[in-house]
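Biologist: Pick one helix in this model and walk me slowly around it, please. I'd like to know what it leans on and how its neighbours fit in with each other.

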Amino acid sequence: MKLLLLLVAVGLCSAQFNPNTRAGRTSIVHLFEWRWDDIAAECERYLGPNGFGGVQISPPNENIVLSNPWRPWYERYQPISYKLCTRSGNEQQFRSMVTRCNNVGVYIYVDAIINHMCGSGGGAGTHSTCGSYFNAGSKDFSAVPYSSLDFNDGKCYTGSGEIENVRNCRLVGLLDLALEKDYVRGKIAGFLNNLISIGVAGFRFDAAKHMWPGDLLAIRDRLNNLNTQWFPSGTRPFIFQEVIDLGGEAISFSQYTGVGRVTEFKYGAKLGTVIRKWNGEKMAYLKNWGEGWGFMASDRALVFVDNHDNQRGHGAGGGSILTFFDARLYKMGVGFMLAHPYGFTRVMSSYRWTRNFIGPPSNSDGSTKPVTINADSTCGNGWVCEHRWRQIK
């Protein structure tokens, strides 16, 4: 009996590393800031027919509305509640997207913001995407509800209240949730389980290095199995965590590989150095690419050439990171990544920007512009759509 229980436990744990994609599909694409209606259409007309396994979407829950004078991309990373309404669409549109994408074998992975709520300077009022009232100053998020009892300020022992000690403190002023509390864990698990019931296949845990691995395990273990309308009975949600570790960091990726896969930030930084031929690097040196370069184990890694953070010059990697601005080199880097067997791969799909805080292409009223498709299969309205580039497809 003990051996049987051990085997079941091992099976459940290992299941968190399985992206649950259909057979033969080994990559997902991050459709950054796309509207739900546009993602649904893209699943049907392009992603499914061309073998993409899934889509990482922008955070789907209610967030603060910022204007400075443009609504920046990072407002999506400042939650107000777990209601499903953002500038990408409402709950009905979200549900429709998940159903339509799942029906063509392209699964949805949610960027889950569970470390924090909005910034402490967010003020009070209803300037949020669903119109929910909140007061960041008094830590009142009545639409959840969270109160001042549910945050970590009392456990942060730095003078500024910021993240000098990485955990328990505010990440760039964002109100840090007390994830060790059973009540908070229950609210987060409830949010994620609602998404699972709708049909999502897994989650990216944003800012994972700022959360204790034990707290993430406790939340992960409260998650339900995936919806049997699209997934086999007993299928566990795929988990991948944002942990920036270029080596020598105070927090190591190895602390999180027991929870799920981890984003391997060294991958894009090192590959960019090779493709750019910096420091005498050559493609021939990639013959032992992967663990031989000091990366984490392949079956624990989610890899990418760039992401929405480091293509804007922050996150990790610096000037070596390849982006759509260097189209020829970028195609080489992504082509190599997709052809090489290390890790589970994610392709970036961007919009054009001139200043790194600018939000998605938008109309004068602040609404997001639709993704239009040109006659040559490229995208219009300011959307880059690297995933549609011939060499990447």
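Modeller: Sure! First, how the naming works: a helix here is a DSSP run of at least four residues, and helices are numbered from the N terminus. Keep in mind that this is a predicted model. Let's go for α4, and start just past its end, where G199 takes a positive phi of about 130°.

Now step back into the helix, residues 182-198. How far apart are the end C-alpha atoms of α4? They are 24 Å apart, and that agrees with the 24 Å that its 17 residues should span at 1.5 Å a residue.

Plenty of α4 is tucked away: its buried residues are V184, R185, I188, A189, F191, L192, N193, L195, I196 and I198. Here's a handy rule for reading a list like that: an α-helix has 3.6 residues a turn, so residues three or four places apart point the same way. And what covers those buried residues of α4? The cover includes α3, β3 (107-112), β8 (202-205) and α5 (213-220).

Let's follow α3 from that group. The axes of α3 and α4 come within 9 Å and cross at roughly 50°, which makes α3 oblique to α4. On the α3 side, F94, R95 and V98 make the contact, and they meet N194, L195 and I198 of α4. Sorted by class, that contact has four nonpolar residues, one polar and one charged.

Keep hold of α3 (residues 91-103), because it also packs with α2 (residues 36-47), at an angle of about 10° and with the axes 8 Å apart. Angles under 35 degrees count as roughly parallel, so α2 is roughly parallel to α3. From α2 come W36, D37, I39, A40, A41, C43 and E44, while α3 brings Q93, F94, M97, R100 and C101. By class, this contact has eight nonpolar, one polar and three charged residues. Notice F94 again: it's in the contact with α2 and in the one with α4.

To finish, zoom in on A40, which sits in helix α2. Is A40 buried or exposed? It counts as buried because its relative accessible area is 1%, and the cut-off is under 20%. Leaving aside neighbours within four places in sequence, A40 is in contact with M97, R100 and C101. The C-alpha atoms of A40 and N102 are separated by 9.4 Å, though the two residues are 62 residues apart along the chain.

Conventions
Residues are numbered from 1 along each chain as its sequence is written. This is a predicted model: local features need pLDDT of at least 70, side-chain atom pairs count only at pLDDT 80 or more; totals for chains, interfaces and linings use all residues. Side-chain values use heavy atoms; hydrogens and water are left out. Axes are lines fitted to C-alpha atoms, for helices over the stretch in contact, and angles run from 0 to 180 degrees between N-to-C directions. Helices (H or I, at least four residues) and strands (E, at least two) are DSSP runs, numbered from the N terminus. Angles under 35 degrees count as roughly parallel, over 145 as roughly antiparallel, 65 to 115 as roughly perpendicular and the rest as oblique. Contact means heavy atoms within 4.5 Å. Ala, Val, Leu, Ile, Met, Phe, Trp, Tyr, Cys and Pro count as nonpolar, Asp, Glu, Lys and Arg as charged, and the others, Gly among them, as polar. Buried means under 20% relative accessible area, exposed over 50%, partly exposed in between (1.4 Å probe, protein chains only). The expected span of a helix is 1.5 Å times one less than its number of residues.
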